[in-house]
Structure formats: structure tokens, C-alpha cells
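Open your viewer and set it to cartoon. The stops below follow one after another.

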Amino acid sequence: MGRRFLLSLAAAAIAVAAFAGIARAQTLPVIYNGALGYAQGSPTASPPGANDWSCEPSAAHPQPVVLVHGTFADMSNSWQAISPLLHNDGYCVFALNYGSYEGSGEIGVYGVGDIPESARQLSAFVDRVLAATGAREVDLVGHSQGGMMPRYYLRNLGGAGKVRALVGLSPSNHGTTLNGLFVLSGYFPGSSEFTASRCPACEQQRAGSAFITALNSRRETVPGVEYTVIQTRYDEVVTPYTSAFLTGRNVTNITLQEQCPLDLGDHLSMPYDHIVAADILTALDPAHPVQPECTPVLPVSGG
């Protein structure tokens with residue numbers, strides 16, 4: 001009897017320890033600091049909480065979330081806040097690098113290649129996520145070009161049947177000035193030389209380009225997909241800032257400063273802005289909205 005009791009006690013202790021280990025594994029630090037996030041030196045590394053190919057979507061969050069970085073960026077430096085936040089909230093999270101051009105990926109510069117080709121890379125990645133998780137659809141969260149490029153996938157590559165929602169953070173939906181892209185390249189080491197002559201995506205994102213004109217011809221959205229655009233009035237890359245917004249019955253456009261005048265965030269700080277993060281959670285799960293706390297957010301560094 002005593003031996004059986006000791007064995008039972010030991011089994012219970014092991015179970016408690018295992019549960020505690022799982023709980024600890026599920027909680028990752030969320031870095032609301034763009035200076036630290038963009039300084040991450042491992043461009044090919046998955047952001048915290050992302051790309052667990054054994055992850056099984058829960059009943060509460062049946063759609064895996066795919067994170068799509070912007071021009072000159074990569075999955076590691078873009079998602080040091082949003083990826084662990086979603087992971088901690090119970091989502092299966094995935095992220096990719098796309099758009100390497102003429103060896104740019106070798107120096108950690110992505111999102112510069114031809115946008116339709118980048119959309120094909122996204123399409124293949126989504127298919128891989130769906131196959132691994134058994135999910136029917138994914139949700140997409142993208143920053144800058146990463147919020148716009150998926151629209152080509154949705155319209156031209158059959159993505160509409162595989163995506164439930166697209167959340168864009170300062171997306172270049174109607175293009176921008178080349179000056180804005182030069183400003184952006186200055187934040188990413190090794191990017192400036194690609195801007196002038198080796199960045200097809202830069203020319204394609206120019207306001208009025210053939211690509212942007214075709215993307216926005218007819219209707220700007222596709223049926224069956226919910227679109228959310230989150231934008232800051234202080235965007236110095238996507239200019240004017242209103243060019244990020246979409247029109248359509250299935251669109252929610254959000255201006256951060258209408259929620260919180262203390263948010264001084266710019267284009268770079270969007271993935272590291274706690275108010276943006278709350279809006280993402282709400283967009284992904286509208287039945288359980290998250291009320292963001294109105295506290296100061298700074299350019300580039302976020303908060």
C-alpha cells in the first residue's frame with residue numbers, strides 16, 4: 001500500500017512538472033521595441049513561436065496565422081512582438097522570407113523581388129501550412145508590402161479560397177513615392193544598393209505603376225475574405241498615409257491616432273506597437289475584441 005502510494009505520488013509530481021513545463025513553453029517574451037526587433041541578426045531564423053510544423057490549431061483559433069514581412073525586411077526582424085504574442089494567445093503561427101533577388105537574401109535583404117513571384121512563394125507556403133495543420137484556411141498578417149502583396153495572391157493565384165482574413169499594417173495598397181522607399185531602405189543595412197537598380201518590387205510599388213494600377217482595377221477586394229487595414233498618420237514610407245486604405249463592404253480601415261492620440265508611431269514601428277497588436281487580435285477574433293491601452297508609442301521603436 002505504501003509503495004503504491006509513493007508510486008502514485010511520483011506520477012502526480014511528474015504530471016505536474018510536465019504541465020508546468022508546457023505552460024512555460026507556451027509563454028514567450030513579447031518585444032515591443034522596434035530598435036531591438038529590427039536589430040535581430042538572424043534573418044533566416046524563425047521569429048519566436050513561429051514555424052512549429054507540428055502545431056495543431058485549436059477550436060478557438062482554427063485558422064493558422066501566416067506573417068508576411070515587408071520590403072527590405074525579413075521574418076526575424078519583423079515579428080519579434082507579433083509572433084510570440086499570437087503564440088501565447090494560442091494560435092499556430094507561421095512566417096516566411098520571400099522576395100530574394102540576385103542574391104539579396106545572402107545578405108539578409110528580402111522583399112525586393114518581382115511581386116507576382118513573391119506572391120507565388122506565399123502561395124506555396126500557405127499550401128504547406130494547410131497541409132501540415134489540416135486547416136481549411138489561414139489568416140494573413142502583413143506589414144508594408146507584406147500587407148499588399150497577398151492581395152495579388154488572393155485575386156490571381158487562387159488564394160481567396162484558402163484565406164479567411166488579411167490584416168495589413170501600413171500596407172502599400174495604392175503605392176507610394178520612390179522617396180518613401182529610399183527612406184525605408186535607409187533603415188536596413190545592405191538595402192540601399194538594391195533600391196536604385198535591383199529592386200523590382202520598389203518600382204512595382206511606385207504610385208501609378210502598371211502593377212499597382214492593375215491590382216486596384218475593378219474592385220479592390222475579393223469576396224469571402226475579411227480585410228483590415230491598420231495605419232498611422234505619421235507613415236513616412238506609404239504616402240499619403242490614406243493610400244493604405246481599401247474600399248469595399250468587407251473592409252475595416254483603422255487610423256491609430258483616432259484610437260489613441262498618444263500613438264506617434266511611424267511605418268517602421270507598426271509591428272512593435274502594442275495598440276496595433278491589440279487591433280490584430282481583434283481582427284483575427286472579432287467575437288473577443290481587445291481594447292488597446294492608450295499609452296505613448298514612439299517612431300521606429302514603438303512601445
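Two strands pair if DSSP finds at least two bridges between them. Strands (E, at least two residues) and helices (H or I, at least four) are DSSP runs, numbered from the N terminus. This is a predicted model: local features need pLDDT of at least 70, side-chain atom pairs count only at pLDDT 80 or more, and totals for chains, interfaces and linings use all residues. Residues are numbered from 1 along each chain as its sequence is written, and side-chain values use heavy atoms, with hydrogens and water left out.

Select strand 1, residues 65–68. Strand 1 pairs with strand 2 in the parallel sense, over 4 bridges. Pick Val68: its bridge partner in strand 2 is Leu96.

Now show the whole sheet. It is open, with 6 parallel-paired strands in the order 2-1-3-4-5-6. Strand 2 (93–96) and strand 6 (251–255) are the edges, each pairing on one side only.

Stay on strand 2. Are its faces covered or not? Both are covered: Val93 and Ala95 are buried on one side, Phe94 and Leu96 on the other. Buried means under 20% relative accessible area, exposed over 50%, and partly exposed in between (1.4 Å probe, protein chains only).

Add helix 5, residues 115–133. Helix 5 lies across strand 1, strand 2 and strand 3 (138–143). Contact here means heavy atoms within 4.5 Å. Helix 5 runs at about 155° to strand 2. Axes are lines fitted to C-alpha atoms, for helices over the stretch in contact, and angles run from 0 to 180 degrees between N-to-C directions.

Last stop: Leu264. Find Leu264 in the loop between helix 11 (256–259) and helix 12 (274–284). Leu264 counts as partly exposed because its relative accessibility is 38%.
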